[in-house]
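Open the model in your viewer and keep the sequence panel visible. The tour below goes from one selection to the next.

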Amino acid sequence: MKSKDLKALDRNQVMNNIREAISNDDEEAFAIAFTDWADSIQEQVLNEARGVLNAQDTTILATRGVRQLTSEERDYYQATIEAMRSSNPMQALTDLTVVMPKTILDQVFEDLEQNHELLNAISFMNTSGLVEFYRNTNTKQLATWGQLTDTITKELTSGFKKVELGQKKLSAWMPVANSMLDLGPAWLDRYVRIVLAEALAFGLEEAILNGTGKDEPIGMTRQVGTGVTVTDGVYPVKTATEVTAFDPVSYGTLLSALAKTEKGNPRIVSNVILVVNPTDYLTKVMPATTILRPDGTYANDVLPFPTQIIQSVQMAEGKAVIGIASKYFMGIGTQQSGKLEYSDEYKFLEDLRTYKIKLYGMGEPDDNNAFQYLDISGVEPLVKEVKVVNTVTTKAGE
């Protein structure tokens with residue numbers, strides 16, 4: 001089965017096909033759609049390479065997104081290319097002694113953060129090679145005067161939480177054609193980074209906002225913390241707070257819920273993020289946060305408190321999330337072996353070899369009060385439209 005004609009598909013259509021396949025649990029449709037998308041990236045990279053095939057100037061290459069590789073990265077890609085070209089790539093990759101350098105994922109994550117506001121806002125970390133990670137979850141001042149006591153020791157200990165990074169697995173796979181291998185290490189790096197970045201972004205935003213906690217991170221819209229009933233690994237959805245206006249009193253009241261942890265410890269809130277669906281931003285949030293200046297121009301995203309408004313297609317229409325961005329932690333990285341593996345999951349795809357890399361990680365809010373789930377379906381414009389219903393026409397002089 002061959003992939004569809006990519007020239008007839010734009011990126012948005014391909015991504016919609018992927019989402020539809022996932023929602024219908026259609027593995028074959030997903031594989032075709034994903035391959036369409038990966039092929040389009042390969043074609044893009046091949047065209048870029050043809051345009052500067054003999055260029056040696058690193059500045060010219062950099063404008064095409066081609067990095068100057070470190071010696072470790074070049075050795076890794078060269079060994080990987082040789083393994084991919086072998087008659088038995090599965091065995092060749094298994095025998096490969098070099099692993100993906102951490103710097104490659106560092107660059108992938110940097111690209112992600114630059115192109116995706118939500119990922120740039122939260123605590124996003126490359127945790128390659130780690131199986132567990134400790135985070136400080138206590139916002140109280142831990143240092144204290146006086147004698148060291150058992151009570152203080154317990155308080156210090158309770159301020160840290162162990163995050164099991166190996167609990168959740170994300171497999172990213174990529175079809176690779178021989179023409180891609182012929183371009184060499186630098187261009188293969190370009191392709192791998194684009195595929196990993198886009199594949200991660202596709203899954204990460206959904207998980208960060210709506211993840212159930214079962215075989216995936218826990219989303220901002222989910223209840224967490226002490227006393228929460230988790231059913232079959234799934235964390236319950238928070239009750240959405242109804243919001244109709246963003247005036248100072250309403251907004252301050254809304255934000256006051258963030259000023260204390262679920263344990264009642266106070267914390268200073270200096271800025272927040274508001275994540276909304278793009279349609280809701282244009283039809284509800286923008287009209288409710290736009291003012292007319294005295295000079296006749298408009299200013300948008302005007303709120304009574306420092307707020308970064310983030311649009312995400314993964315947020316359901318009529319709903320939103322508001323919270324302290326730094327209070328969401330997402331750690332993700334390669335498995336400890338860091339190897340790219342040959343994949344035979346999609347054998348029905350012709351003329352392509354597929355490879356996958358296993359990524360491990362975990363994401364969750366620090367506490368239940370760090371984020372609020374909102375119902376913004378009833379938000380009113382800042383200035384209501386005035387319509388003249390009836391008019392009276394009079395004769396001149398009357």
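Which residue of β11 does Ser123 stand opposite? Select Ser123 and look across to the neighbouring strand: the residue there is Phe329. Keep in mind throughout that this is a predicted model.

**Stop 1: strand β11**

Ser123 and Phe329 are one place to look in the pairing of β1 (residues 123–126) with β11, which is parallel and has 4 bridges. Now select β13 as well. Strands β11 and β13 run antiparallel and are joined by 7 bridges. To find a point in this second pairing, select Ile332, which stands opposite Gly361 in β13.

Next, colour all of β11, residues 328–334. Of its 7 residues, 7 are buried, so the strand is largely enclosed by the rest of the structure. As a general point, side chains in a regular strand alternate between the two faces of the sheet.

**Stop 2: the nonpolar cores**

Select Leu112, Tyr191 and Met220. In the largest nonpolar core, which has 72 residues, these three touch the most other members. The largest share of this core comes from α10, with 15 residues. In soluble globular proteins, nonpolar side chains tend to be buried together.

Stay on Leu112 and show what surrounds it. Beyond its neighbours within four places in sequence, Leu112 is in contact with Leu119, Phe124, Ala197, Leu200, Ala201 and Leu204. Another core, of 21 residues, lies apart from the largest one. To find this other core, select Val272, Leu274, Val285 and Leu303, which are among its members.

**Stop 3: salt bridges**

How many salt bridges are there by the rule used here? The count comes to 5. Side chains of opposite charge can pair when their charged atoms come close.

Begin with Asp111 and Arg193, whose closest N and O atoms are 3.1 Å apart. Asp111 sits in helix α6 (residues 102–115) and Arg193 in helix α10 (residues 185–210), so this salt bridge links distant parts of the chain, 82 residues apart. Asp111 is buried, at 16% relative accessibility, and Arg193 is buried too, at 5%.

Now select Asp232 and Lys214, a salt bridge with its closest N and O atoms 2.8 Å apart. Both residues lie in the loop between α10 and β5 (241–242), so the pair ties together parts that are 18 residues apart in sequence. Is Asp232 buried or exposed? Asp232 counts as exposed, at 58% relative accessibility, while Lys214 is partly exposed, at 35%.

Move to Arg267 and Asp367, whose side chains meet in a salt bridge of 2.6 Å, N to O. Arg267 lies in the loop between α11 (248–256) and β6 (272–276), and Asp367 in the loop between β13 (353–365) and β14 (371–375), so the pair ties together parts that are 100 residues apart in sequence. Arg267 and Asp367 are both buried.

Finally, add Asp189 to a selection of Asp111 and Arg193: salt bridges that share partners join these residues into one network.

**Stop 4: Ser312**

Select Ser312, in the loop between β9 (307–311) and β10 (319–323). What is the relative accessible area of Ser312? The value is 1%, and because buried means under 20%, Ser312 counts as buried. Show its side chain together with that of Glu205: a polar contact of 2.7 Å joins them. Leaving aside neighbours within four places in sequence, Ser312 is in contact with Glu205, Leu209, Val275, Val276, Asn277 and Pro278.

Notes
Residues numbered from 1 in each chain as written. Predicted model: local features only at pLDDT ≥ 70, side-chain atom pairs only at ≥ 80, totals over all residues. Heavy atoms only, no water. Helix = DSSP H or I, 4+ residues; strand = E, 2+ residues; numbered from the N terminus. Buried < 20%, exposed > 50% of the residue type's maximum accessible area, 1.4 Å probe, protein only. Polar contact = N/O pair within 3.5 Å; in protein donor to acceptor, adjacent residues only side chain to side chain. Contact = heavy atoms within 4.5 Å. Salt bridge = Lys/Arg side-chain N within 4 Å of Asp/Glu carboxyl O. Core = buried A, V, L, I, M, F, W, Y, C linked by side-chain atoms within 4.5 Å. Pairing = 2+ DSSP bridges.
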